[in-house]
Amino acid sequence: MFASSPIRKLARSEEMFAETQNFVGLAAHAEGPIDVDALSDAFDALLEAHPVLSGHLEQDVDGRYEIVLDDLMHSGIDVIELAGPHDVAPPMIFDQGSALIHLRVTIRDGQAQPTLYIHHSLADGHHQFSLIEELFSNYTDLVTTGSMRPVKVAPAPDSLEVILTGRGVQKRNRSGLERLLKAMFVYDLPPSRRATTEPNPALPQLVPMAYCILGETETENIIEFCRANKLGLNALLSGAVLMAEWQLRETPQIPVPYVYPVDLRYVLSPPVSATECTNPVGIATYLAEIAPGTDVVELARDINDTFRKDIADGVIQQSFLHFSPQYVGNPPGLPDVVMFTDNGIVPPLRTPPGMALTASHGEFYFAVGSGIEIYTSKIFAGQLMIEYHSHGPQPEKSIEAIEAQLRAIAARQAAGAVS
């Protein structure tokens, strides 16, 4: 028997990720040599600096989940070497009752792809990227100097509820979901793509992904288009995704409900640091009522204006105190909800001389029997990438429609710049 120490119970905002056994992976595509031993030492230092990462989840008699630490050592990094272009790495096996973090390094043709997987109850994307920054910073120090800075142990991150209470954010009358209710039980809907179709698997399974990448020139044109039209990048990308969804659904009279997370780190006062909280996000909502003549700029501007008003009214900040967004299924009577996370411009990571990180992608694992549909975006190494994690039959069609929207926007900016 090994001694175990309860850290804390998961808050309501975190339990949804335990119920779905949700792990999120963030992969870096590396060029140049990788020192596996140094990366292993850097990973050990990361676990030493953030002891909560070495924990696991246990469920009490009331069904509540708790983060627990024990005296067992983490199994360390997983290194997979593939011989040829058609070799496939063995699937990841996640068990939240054993471990909450994994680091796999897949090496193919001498090129490495390190991927850090973290249970979503412990970290959102911003939090996870900060941990990856720390990992690669330690790795770079070890490779270039043979040592790294002394480890500074961080406390377990707080839940969103604790962060909100500490900043005086209280539950208000509005949740933000009210604007979606006008589309509920109003339309004769096609079968939901997100319906439960089979029993939940015992362990988390990878959600298939389709994606597109725009080159540096087109990406810069899209950023310039946002500046010229005084739009946030998130709003423009949201508009492109919703226009594509509306076209593919072939139900022009039915609006498209939209739900997206908002990073509250710089919205709350005082600001929240990168790893101070597990998932410091609010939920924004929008009902896209699109017509054949709707322009993507007009749509994006309305998304932007709605977002700003909801932030000014404090609705988004306290949205999680009303409800937890469900990845599983779809509210009955409501058109299929679009979920989209824009990760913005991802800053470069420190790497040793001779090694460069040229691309990045995300992975989602769930133990659910329902269709999962999540769009994500990021700009990494100057290139815009849109990912569609979906159990749908033809996710590539959605990606092609979004890519067409984005290339048309880039072309509009290029034409305007020339004229």
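Where in the chain is Lys230 found? Lys230 sits in the loop that links helix H6 (216-228) to helix H7 (233-249); helices here are DSSP runs of H or I with at least four residues, strands are runs of E with at least two, and both are numbered from the N terminus. This is a predicted model, so a word on ground rules: local features need pLDDT of at least 70, side-chain atom pairs count only at pLDDT 80 or more, and totals for chains, interfaces and linings use all residues. Residues are numbered from 1 along each chain as its sequence is written, and side-chain values use heavy atoms, with hydrogens and water left out.

**The whole chain**
- The protein chain's secondary structure adds up to 9 helices and 15 strands.
- With a radius of gyration of 22 Å, close to the 22 Å from the globule rule for 419 residues, the protein chain is as compact as a globular protein of that length; the radius is taken over C-alpha atoms, and the rule is 2.2 Å times the number of residues to the power 0.38.
- The C-alpha trace spans about 60 × 55 × 45 Å along its principal axes.
- Of the 419 residues, 53% are buried (under 20% relative accessible area; exposed is over 50%, partly exposed in between, with a 1.4 Å probe and protein chains only).
- Among contacts (heavy atoms within 4.5 Å) with a separation of 6 or more, 80% come from residues 24 or more positions apart.

**Cores and H7**
- The largest nonpolar core has 67 residues, and the members touching the most others are Ile222, Leu236, Leu242, Leu299, Leu384 and Leu406; such a core is a set of buried Ala, Val, Leu, Ile, Met, Phe, Trp, Tyr and Cys residues joined through side-chain atoms within 4.5 Å.
- H7 gives the most to this core, chipping in 10 residues.
- Apart from that core lies another, of 40 residues, with Leu39, Val105, Ala123 and Leu357 among them.
- Setting aside residues up to four places away in sequence, Ile222 touches Leu214, Leu233, Leu236, Leu384, Leu406, Ile409 and Ala410.
- H7 is largely enclosed by the rest of the structure, because 14 of its 17 residues are buried.
- From first C-alpha to last, H7 reaches 24 Å, close to the 24 Å expected at 1.5 Å a residue (that is, 1.5 Å times one less than the number of residues).

**Backbone oddities**
- For background, most residues other than glycine have a negative phi, and most peptide bonds are trans.
- Lys230 goes the other way, with phi near 55 degrees, and counts as exposed because its relative accessibility is 70%.
- Right after H7 comes Glu250, whose phi is also positive, near 55 degrees.
- Ala381 has a positive phi of about 55 degrees; this residue is in the loop between strand S14 (373-380) and strand S15 (383-390) and is partly exposed at 41% relative accessible area.
- Ser269 and Pro270 are joined by a cis peptide bond, omega about -5 degrees, and Pro270 lies in the loop between strand S10 (256-263) and strand S11 (281-288).

**Ser175, a buried loop serine**
- Ser175 belongs to the loop between helix H4 (160-166) and helix H5 (178-181), and counts as buried because its relative accessibility is 9%.
- A polar atom of the Ser175 side chain lies 3.1 Å from the backbone nitrogen of Leu177.
- Beyond its neighbours within four places in sequence, Ser175 is in contact with Val315, Gln318, Ser319, His322 and Phe323.

Note on methods: Polar contact = N/O pair within 3.5 Å; in protein donor to acceptor, adjacent residues only side chain to side chain.
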